[in-house]
Amino acid sequence: MAIRYYEEDGTKARLKQRRALTSFIENSIIKQHLDIENIQINYIFCNDEQLLEKNIQFLNHNTLTDILTFDLSEKEEELLSEIYISIDRVIDNAKTLNIPYQKELHRVIFHGVLHLCGFKDKSEKQEKEMRLQEDLCLNNYFG
């Protein structure tokens with residue numbers, strides 16, 4: 001299993017305790033929901049412009065978003081993924097919600113991996129379950 005973190009073109013995620021985060025994602029989220037050994041997840045932190053470009057190119061959505069999750073797996077027994085996160089959106093969301101930046105950053109990080117575990121957020125019911133799962137992750141991670 002490999003989880004890696006990248007910052008595009010000078011974007012600074014200010015992500016703390018990457019090893020602890022990686023361990024938490026592996027042990028508390030993935031193993032709970034997936035029975036797959038070959039897992040590779042790349043988190044790519046970028047800005048609004050970069051993520052908007054991907055949103056238009058791959059999903060034909062001309063809107064800002066905080067996260068895009070791509071499952072690139074070709075076989076059922078593997079999980080290969082790229083998760084793009086706009087740090088600009090995370091900063092704005094944290095200000096709007098009046099919560100610490102690190103908490104919002106981790107919520108979005110967990111959101112991406114929860115999508116890979118099968119959670120969706122298209123309907124109101126799905127969105128409610130996704131928020132519940134995000135909150136569980138945040139509470140378990142931050143204590």
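This is a short tour of the structure in your viewer, stop by stop. Keep in mind that you are looking at a predicted model.

**Stop 1: the main core**

Start by selecting Ile-25, Tyr-43, Phe-45, Ile-109 and Phe-110. These are the residues with the most contacts inside the largest nonpolar core, which has 35 residues. Now colour the elements that feed into this core: β1 (2-7), α1 (18-33), β2 (38-46), β4 (78-86), α3 (87-97), α4 (101-116) and α5 (124-142) each supply at least two of its residues. Which element gives the most to this core? That is α4, with eight residues.

Next, zoom in on Tyr-43 and show what lies around it. Skip its neighbours within four places in sequence, and you'll find Tyr-43 in contact with Ile-3, Arg-4, Tyr-5, Tyr-6, Ile-25, Ile-83, Ile-85, Ile-109 and Val-113.

Before you move on, select Ile-44, Cys-46, Leu-51 and Phe-70. They are among the six residues of a second, separate core.

**Stop 2: helix α5**

Select residues 124-142 to light up α5. Try your viewer's distance tool on its two ends: the end C-alpha atoms are 27 Å apart, which agrees with the 27 Å that 19 residues should span at 1.5 Å a residue.

Now pick out Met-130, Gln-133, Glu-134, Cys-137, Leu-138 and Tyr-141, which are buried. Where do the buried residues of α5 sit when you look down its axis? They fall within an arc of 135 degrees, so they line one face of the helix. Here is a handy rule for this kind of view: an α-helix has 3.6 residues a turn, so residues three or four places apart point the same way.

Spin α5 around to its other side, and you'll meet Glu-124, Lys-125, Lys-128, Asn-139 and Asn-140, which are exposed. Then turn back to the buried residues and show what covers them, including α1 and α4. Just past the helix comes Gly-143, whose phi is positive, near 80 degrees.

**Stop 3: the largest pocket**

Switch on the surface and select Ile-67, His-111, His-115, Asp-121 and Lys-122. Of the 23 residues lining the largest pocket, these lie nearest its centre. The pocket has a volume of about 580 Å³. Which elements give two or more residues to its lining? They are α2 (48-59), β3 (67-71), α3, α4 and α5.

**Stop 4: helix α2**

You have just met α2 at the pocket, and now it gets a stop of its own. The 12 residues of α2 should span 16 Å at 1.5 Å a residue, and the end C-alpha atoms are 15 Å apart, which agrees.

Select Asp-48, Gln-50, Leu-51, Lys-54 and Asn-55, which are buried in α2. They cover an arc of only 165 degrees around the axis, which puts them on the same side of α2. Roll the helix over and you'll see Glu-49, Glu-53 and Gln-57, which are exposed. What covers the buried residues of α2? The cover includes β2, β3, β4 and α3.

**Stop 5: a few loops**

Begin with Glu-8, in the loop between β1 and α1. Is Glu-8 partly exposed or buried? Its relative accessible area is 24%, and buried means under 20%, so Glu-8 counts as partly exposed. Leaving aside its neighbours within four places in sequence, Glu-8 is in contact with Ile-44, Phe-45, Cys-46, Gln-50 and Tyr-84. Ile-44 and Cys-46 may ring a bell, as they are part of the second core. For a sense of scale, draw a line from Glu-8 to Asp-135: their C-alpha atoms are separated by 28 Å, and the two are 127 residues apart along the chain.

Jump to Glu-76, in the loop between β3 and β4. Glu-76 is exposed, with a relative accessible area of 77%. Add Ile-36 to your selection: Glu-76 and Ile-36 are 40 residues apart in sequence and 8.4 Å apart in space, C-alpha to C-alpha.

Finish with two asparagines. Asn-60 is in the loop between α2 and β3, and has a positive phi of about 60 degrees although it is not a glycine. Asn-60 is exposed, at 67% relative accessible area. Asn-98 is in the loop between α3 and α4, with a positive phi near 55 degrees. At 71% relative accessibility, Asn-98 counts as exposed too.

Terms used
Residues numbered from 1 in each chain as written. Predicted model: local features only at pLDDT ≥ 70, side-chain atom pairs only at ≥ 80, totals over all residues. Heavy atoms only, no water. Core = buried A, V, L, I, M, F, W, Y, C linked by side-chain atoms within 4.5 Å. Buried < 20%, exposed > 50% of the residue type's maximum accessible area, 1.4 Å probe, protein only. Helix = DSSP H or I, 4+ residues; strand = E, 2+ residues; numbered from the N terminus. Contact = heavy atoms within 4.5 Å. Expected span 1.5 Å × (residues − 1). Arc of directions from axis to C-beta. 1 Å grid on protein atoms, 1.4 Å probe; cavity = no way out; pocket = protein on both sides within 12 Å on 5 of 7 lines; lining within 4 Å. Points joined across faces, edges and corners; volume = space filled by probe spheres on them.
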